[in-house]
Each structure stands twice: as C-alpha cells, then as structure tokens.
Amino acid sequence: MVQIHPPLPIIMIKEDIELFLRPTIEASGCDLWGIEITSGKGKGRILRIFIDAIQGVDLNDCEKISKEIDYHFQFESIFSEFASFEVSSPGLDRRLFNSKQYKNFIGDVVSLTLFSKVNNLRKIKGTLLEVLESEISVKTEGEIMLLEFSNIEKCKLDLEDQLNKKKNE
C-alpha cells in the first residue's frame, strides 16, 4: 500500500509554533489543544489556534489569548507566512491532535479523513476502541480497522454522539 504523508516542513512549522505559543497560553490558565494551518483564498495562510481548560473556555479566554498572541504575530518571524490567526475552543466536535487526546476519548464515535485509502475508504466513521503506539483501532459498521497515525489527516469527535452524551449526563 502506498501512503501519502503531509510534507515534513508543515509538521516542523507546527511543532515550532506550538513550542512558541504554549507558554503564553498556559500563562493565561489554558492549555494549547492544537493548531491548524489552512490556506486562505488569496490572502495567505490562516493559523487556527485551539485552546482548552479544565473548566472549559469562553469568549473572554479566547479574546485574552488572542491579544497576547497578536503582539508576537506582528513581530515574530515564525508567523511571517500567515495572513491572520484565530483563537477558539475546540468545541464538542473537537479535532484530536495527539495520542493523549485519542486515549481520553476511547469509546467515543470519531470521524476520520485519511491521507490514503484503507479498504478503499478515505473517510471513516466509527467507535474509537484502542490507542496503540503508532495506530488506533476503530469499529465501523462492518469491521474493526487498524489505522496508522501517520495516515490520519484529520480526526474529529462526532457531533451527534457528543450531543447525545451531553443530553444523557
């Protein structure tokens, strides 16, 4: 099976940005949940910064951290290729960025987009069963699938499943 992976420079850029942002975000009483780098149409890249906290985050938290980051965004070379940035909470249908986050949501329904097809599928929805060192297992309607982290382009919690959990709490 041929696998297509994201270009290495993006991974390195993300790691450098996370290292730079983490102290600022933690000083404000929040945690860095993850970042996304998107292509803006005609304006350059957009940096999306997701923050979270044990007690949850609100608009005031996002605004406070946004103001803290704004100064650095204007003057630090690490942000030079971005046209703008956004700070938000990850939301109920949060994207999962690392194995620790995956482990916290074992048993939840996830929606995945893969870099390359597995069993002729690039989009998969199922229950997260297990998180191993380099892969996860997901139970779909038809089977249990093992998916390598390196082949996962995006993984989000299923909104409908999360709303049902909230309703039953």
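# Close-up views of a predicted model

**View 1. Surroundings of Asp-108.** Asp-108 sits in the loop that runs between helix 3 and strand 4. The model shown in this and the following views is predicted. Asp-108 counts as buried, because its relative accessibility is 5% and the cut-off for buried is under 20%. The C-alpha atoms of Asp-108 and Leu-129 are 8.2 Å apart in space, while the two residues are 21 residues apart in sequence.

**View 2. Salt bridge between Lys-165 and Asp-108.** The side chains of Lys-165 and Asp-108 form a salt bridge with an N to O distance of 2.3 Å. This pair links distant parts of the chain, with Lys-165 in helix 4 and Asp-108 in the loop between helix 3 and strand 4, 57 residues apart. The two partners fall into separate exposure classes: Lys-165 is partly exposed at a relative accessible area of 37%, whereas Asp-108 is buried at 5%.

**View 3. Network of salt bridges.** Glu-36, Arg-48, Glu-86, Arg-95 and Lys-154 are joined into one network by salt bridges that share partners. Side chains of opposite charge can pair when their charged atoms come close. For the structure as a whole, a search finds eleven salt bridges. One of them is the contact between Arg-48 and Glu-36, at 3.7 Å from N to O. Because Arg-48 belongs to strand 2 and Glu-36 to strand 1, this pair ties together parts that are twelve residues apart in sequence. Arg-48 is partly exposed, with 27% relative accessibility. Glu-36, at 10%, is buried.

**View 4. Salt bridge between Arg-45 and Glu-81.** In the salt bridge of Arg-45 with Glu-81, the closest N and O atoms are 2.5 Å apart. Arg-45 lies in strand 2 and Glu-81 in the loop between helix 2 (59–75) and strand 3 (82–88); the pair links distant parts of the chain, 36 residues apart. Both ends fall in the intermediate exposure class: the relative accessible area of Arg-45 is 28%, which makes Arg-45 partly exposed, and Glu-81 is partly exposed at 37%.

**View 5. The largest pocket.** The space in the largest pocket amounts to about 1,400 Å³. Its lining consists of 47 residues, and those nearest the centre of the pocket are Lys-14, Arg-95, Leu-96, Phe-97 and Asn-98. At least two lining residues are supplied by each of helix 1 (8–27), strand 1 (31–40), strand 2 (44–52), helix 3 (99–104), strand 4 (109–118) and strand 8 (152–157). Strand 1 provides the largest share of this lining, with nine residues. By class, the lining of the largest pocket holds 21 nonpolar, 13 polar and 13 charged residues. Arg-95, one of the residues nearest the centre, also takes part in the salt-bridge network of View 3.

**View 6. The second largest pocket.** A volume of about 160 Å³ is found for the second largest pocket. The residues that line this pocket are Gly-91, Leu-92, Arg-94, Phe-105, Leu-157, Gln-162, Lys-165, Lys-166 and Glu-169. Helix 4 contributes the most to the lining, with three residues. Four lining residues are charged, three are nonpolar and two are polar. Among the lining residues is Lys-165, the salt-bridge partner of Asp-108 in View 2.

**View 7. Nonpolar surface patch.** Leu-92, Leu-159 and Leu-163 make a nonpolar surface patch of about 230 Å². Leu-159 is part of helix 4, which covers residues 159–168. With a relative accessible area of 39%, Leu-159 is partly exposed, and therefore passes the patch cut-off of over 30%. Leu-92 also appears in the lining of the second largest pocket.

**View 8. Asn-119 and Asn-120.** Asn-119 is located in the loop between strand 4 and strand 5 (121–131). Phi of Asn-119 is near 50°, which is a positive value in a residue other than glycine. Asn-120 is found in the loop between strand 4 and strand 5, and phi of Asn-120 is likewise positive, near 65°. Asn-120 is exposed because its relative accessible area is 64%, and the cut-off for exposed is over 50%.

Conventions. Residues numbered from 1 in each chain as written. Predicted model: local features only at pLDDT ≥ 70, side-chain atom pairs only at ≥ 80, totals over all residues. Heavy atoms only, no water. Patch = residues over 30% accessible without salt bridge, like charges linked within 9 Å, V, L, I, M, F, W, Y side chains within 5 Å. Areas by Shrake-Rupley, 256 points an atom, 1.4 Å probe, with all protein chains shown as cover. Salt bridge = Lys/Arg side-chain N within 4 Å of Asp/Glu carboxyl O. Helix = DSSP H or I, 4+ residues; strand = E, 2+ residues; numbered from the N terminus. Buried < 20%, exposed > 50% of the residue type's maximum accessible area, 1.4 Å probe, protein only. 1 Å grid on protein atoms, 1.4 Å probe; cavity = no way out; pocket = protein on both sides within 12 Å on 5 of 7 lines; lining within 4 Å. Points joined across faces, edges and corners; volume = space filled by probe spheres on them. Nonpolar A, V, L, I, M, F, W, Y, C, P; charged D, E, K, R; others polar.
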